[in-house]
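Here is a short report on one protein model. Look through the sequence and the structure first, then read on.

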Amino acid sequence: VDPSKLGNLGMGRPGLRTLLCTAFSLRLLHLRTATPRAMAMASVSRVTGLPPGPFPVGVTTMQLDDLTRQDPESGPRSLQTEIWYPAGDEARDLPRNRFSDFLGRGAIPGSIQAAEEPNAIGGYRNDLTINELDETWPNESVRDARIRDPDTKTGWPLVIFSHGSGAYRASYIFFTEFLASQGFVVMACDHPGSARYTQVNGRVIKPGGARSERPQMEADRPRDVMFLLDAMSKLAGGQDSRFAGRVNVNLTALTGMSFGGWTTAACLEESDPRVKAAIMMCPSLMSADGRLMKERRNVETPIMMMIGSEDTVLGAKGVEACRQFSLKPEGSSFLLEIKLAGHCSFTSCELYNASYGNGIGESRSLTKPEETYQALEISKQHEIINSYGLAFLDKYLRAGDGSLLKENRFEEHVIYRC
């Protein structure tokens, strides 16, 4: 407002103050009511159970080829890989990623139809379609958004996630996307032969054949994860301008669920100095005849073990194995056990099927055989998982104080040991 132009309106200084206050109030009203995206950012997500972190999120898909390994069926070992990362502020107002983007938008003829078959994404629920997922998928990521420059000279820490057997790299956005919003770069590949669906070299690949033999998967998976670490080292070292100088692979955490949790534990045996911590979600430690339980050597890398008391996939023996594994290393191991939770509590499978079971909705009980139980609301489970997961990663990758790690904030729902 130009005061020199108010004279003709008969306004003195009190009138000017009134006008300016009114204008300021209207501006505040506009900010509070006309920016729903800004308001939504402060609200709790039904996917993560928590408000989004301070950064918008970008996501990109890359095929990474390990030329040192031969696929059992054709060519080098190739991994379709998703990378979530903190994005520039302009991403807040850009269109969100659609589920079909994970599938290459159907560029491979027949790939969408293949994804909808019962032995692929369609197996999560009868009549589930990719078109439906495009309409309902609630992620906040923006496809190929500009990566944000890190706030510190050390660069963004790296988290690598390994999916479960018969799963899919995008089925854990409650965790992967959440961490990216908190300032981590997160990589997750499909493990060919173990993933229920992936695309490599213009072909759709589902489980079956030599690459799906159990000994082959047990050999491939840890090497896949360590290859991702080496690949990001090259990307951040200058091979990809997006990540060059922005990702610190010397601050890496390995994470995974079920067979991916076993994969994480297997990778720890490499004692790679770049790996500073690990989170294992309901790991199948009895895989490979329980070898990791018997031959474990690395008892120095900090770990967080996450399990559900009602996990019927692991069974009583598998759940107890996880408890025992979490006793070391002394002073830097943590056990988070959610009482009314199961195997799929550590996934985003509720986005495919709200009644999926085994920790999502009504589920078969482990502690009371022949009975069912109502799982804790999945958003609450994810709130617990993400709260402790973030505190753990913050402590060991960013030298945070780890105050939450010293207490059981969810005592009603959780058995916690540190």
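## The core

This is a predicted model. Its largest nonpolar core has 119 residues. Those with the most contacts inside this core are Phe99, Ile121, Tyr168, Met232 and Tyr352.

Take Ile121 from that list. Neighbours within four places in sequence are left aside here. Ile121 is then in contact with Phe99, Tyr168 and Tyr352. Its other contacts are Ala115, Leu128, Ile130, Leu133, Arg196 and Tyr197.

## An enclosed strand

Now turn to strand β5, residues 185-189. Is this strand enclosed or open? Buried means under 20% relative accessible area. Five of the five residues of β5 are buried, so the strand is largely enclosed by the rest of the structure. Both of its faces are covered. Val185, Met187 and Cys189 lie on one side, and Val186 and Ala188 lie on the other.

Strands β2 and β4 each pair with β5. The table sets out the two pairings.

| Strand | Residues | Bridges to β5 | Direction relative to β5 | A facing pair |
|---|---|---|---|---|
| β2 | 76-86 | four | antiparallel | Glu82 opposite Ala188 |
| β4 | 156-162 | five | parallel | Ile160 opposite Met187 |

Ala188 and Met187 in the last column both belong to β5.

## Two crossing helices

Two packed helices are described by the angle between their axes and the distance between the axes. Helix α6 spans residues 214-239, and helix α7 spans residues 259-268. Their axes come within 9 Å. They cross at roughly 65 degrees. The crossing is right-handed.

Which residues make the contact? From α6 come Arg214, Met217, Glu218, Arg221, Pro222, Val225 and Met226. From α7 come Phe259, Gly260, Trp262, Thr263, Ala266 and Cys267. The residues of this contact divide into eight nonpolar, two polar and three charged.

## A buried proline in a loop

Last comes Pro302. This residue is found in the loop between α8 (287-295) and β10 (303-308). Is Pro302 buried or exposed? Its relative accessibility is 11%, so Pro302 counts as buried.

What does Pro302 touch, not counting residues up to four places away in sequence? Pro302 touches Lys276, Ala277 and Ala278. Pro302 also touches Pro329, Ser332, Phe392 and Tyr396. Lys276 is 26 residues away from Pro302 along the chain. The C-alpha atoms of these two residues are separated by 7.1 Å.

Conventions. Residues numbered from 1 in each chain as written. Predicted model: local features only at pLDDT ≥ 70, side-chain atom pairs only at ≥ 80, totals over all residues. Heavy atoms only, no water. Axes fitted to C-alpha atoms, helices over the stretch in contact; angles between N-to-C directions. Helix = DSSP H or I, 4+ residues; strand = E, 2+ residues; numbered from the N terminus. Left-handed = near helix turned anticlockwise from the far one by under 90°. Contact = heavy atoms within 4.5 Å. Nonpolar A, V, L, I, M, F, W, Y, C, P; charged D, E, K, R; others polar. Buried < 20%, exposed > 50% of the residue type's maximum accessible area, 1.4 Å probe, protein only. Core = buried A, V, L, I, M, F, W, Y, C linked by side-chain atoms within 4.5 Å. Pairing = 2+ DSSP bridges.
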